[in-house]
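The exercises below are to be worked with the sequence and the model side by side. Each one sets a task and then goes through a solution step by step.

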Amino acid sequence: MDKHTQQQFAENMLQYLNESPTAFHAVENAAKILKAQGFQELKEADAWSLHTGGRYFVVKNHSCILAFTVGEGDLAKEGFRLIGAHTDSPGLKIKPGDCIVTPDGYVKLNVEVYGGAILSTWFDRPLAVAGRVIVKQNGRLVERLIKIDKPVCIIPNLCIHFNRDCNTGGGYNKQTDILPLLSMKEEGVEKEDYLYRLLQKETGIEKDEILDYELFLYEYQKGSFMGQDEEFISASRIDNLCMVYAGLSALTEAAGSGNCKVFVAFDHEEVGSTSAPGARSGFLAYTLERICKNLGLTDDAYFQALANATSISADTAHAVHPNYSDKHDAGNRPVLGGGPVIKYSASQRYSTNAFSAAYFMEACRRAQVPCQKYVNRNDIVGGSTIGPALSSLTTIPTVDIGTPVLAMHSIREFVAAVDNFYAKEAFRAYYEGI
Ligand code: ZN
């Protein structure tokens, strides 16, 4: 495969990761990519008028995006080719209310844990702030995306002299141990004003204008290539923005064919997917129905299109760890650089079945990329992803796959650059159909 094309893809993907500190930014930047490729934005609240050969996308809550292309064929017979991923990542979210001011004069942000973050990795790292605020303008509620791309706070470790167990694991109290230091107390400044002062200084938005906010912390240090030949990427939010980027790229590159190609990236996967922009909502199913109805299909033809659909749920997978190799099953040992991983679970924590695995393997074969398999050890429960929600709500067969990563849910995750290119090539072959 052409090395230059691979490198270009990896660089663009890393840029997408670096520029997307929250689900809101991931969607904003995805929309920019789609618009540059001739996709037209549809608003849920407007009337749609779709046509054959059209390229469209629709955004939900500014944190979930669904893009699709309408094929030339009979949609009822050709069905949907669907790829799903998620826009959110584990981390720390700023709580509403006051900052914490200690008797010693420290000003701390009050935060809660979002998803299954490895908390130890958030310590001693300069952290920045991003998210959205809702402001009132001319009597209307307006959303403004915020990205304070500066190192504004930090969670200092307790020194080893006061915590001799720090290298053998003592854990953290999520309420008291992880609050980031923002500044020192200033006379005359109210507790609630420290955060608003930061927002005002960096964005120009006054406290009085802000009705509410959803703000997250993120690592100020950018992701980078690394390794002897720069063959790896170390970055925040690899889970799951690398799959969002691969899916988006595949959709924009895929040649036209009879089917309707859909890419959807949901929010809230890391906290169970039960929300309007999450995979357990009705958003996907009713949008598929809306596409069919708008193209003039009957109710029966819509159900035919569903029955002729297939789906890929794309999330990251666990590579065998160099220092903990016994955490993997003896017969299924995916490694970095070995291609996308098909994830199996008899208890349906992954939605893969023999049929869905087979069509993904066929896509890999056509794209001439390798693929690997993963199943948990019987004594490890493991994680889950959007596949079971997506397949149960739409009844579309689904394969759970993902690029193999290390340090999943760390503030800095680790992946081989080539695996994301392999995944993108497999996705493109899948979209283009058998
Ligand atoms: Zn994930």
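**Exercise 1.** What arrangement do the 4 donor atoms around the zinc ion make, and which angles do they subtend?

*Solution.* The model is a predicted one, in which local features need pLDDT of at least 70 and side-chain atom pairs count only at pLDDT 80 or more, while totals for chains, interfaces and linings use all residues. Residues are numbered from 1 along each chain as its sequence is written, and side-chain values use heavy atoms, with hydrogens and water left out.

Begin with the donors (N, O and S atoms within 2.8 Å of the metal, or 3.2 Å for Na, K and Ca; water is not among the atoms, so sites may look incomplete). The zinc ion is coordinated at 2.0 to 2.6 Å by His 86 through NE2, by Asp 239 through OD, and by Asp 315 through two OD entries. The 4 donor atoms subtend angles of 54 to 143°, which makes the arrangement irregular; four donors would count as tetrahedral if all angles lay between 85 and 135 degrees, or as square planar if opposite donors were over 155 degrees apart and all others between 65 and 115.

Next, place the donors in the chain, where their spacing is H-x152-D-x75-D. Asp 239 belongs to helix H5 (residues 238-253) and Asp 315 to the loop between S16 and strand S17 (317-318), so the pair ties together parts that are 76 residues apart in sequence. Helices (H or I, at least four residues) and strands (E, at least two) are DSSP runs, numbered from the N terminus.

Finally, consider accessibility, where buried means under 20% relative accessible area, exposed over 50%, and partly exposed in between (1.4 Å probe, protein chains only). Asp 239 is buried at 2%, and Asp 315 is buried at 4%.

**Exercise 2.** Determine which residues of H8 are buried, and where they lie around the axis.

*Solution.* Helix H8 comprises residues 354-367. Its buried residues are Ser 356, Ala 357, Tyr 359, Phe 360, Ala 363, Cys 364 and Ala 367. They cover an arc of only 165° around the axis (taken from the directions from the helix axis to the C-beta atoms), which puts them on the same side of H8. The face turned away from that side carries the exposed residues Ala 354, Phe 355 and Arg 365.

**Exercise 3.** Describe the surroundings of Arg 290 in helix H6 (residues 283-294).

*Solution.* Arg 290 is partly exposed, with a relative accessible area of 26%. Leaving aside neighbours within four places in sequence, Arg 290 is in contact (heavy atoms within 4.5 Å) with Glu 44, Asp 46, Ala 47 and Trp 48.

Technical notes. Expected span 1.5 Å × (residues − 1). Tetrahedral: all angles 85-135°; square planar, octahedral: opposite > 155°, others 65-115°.
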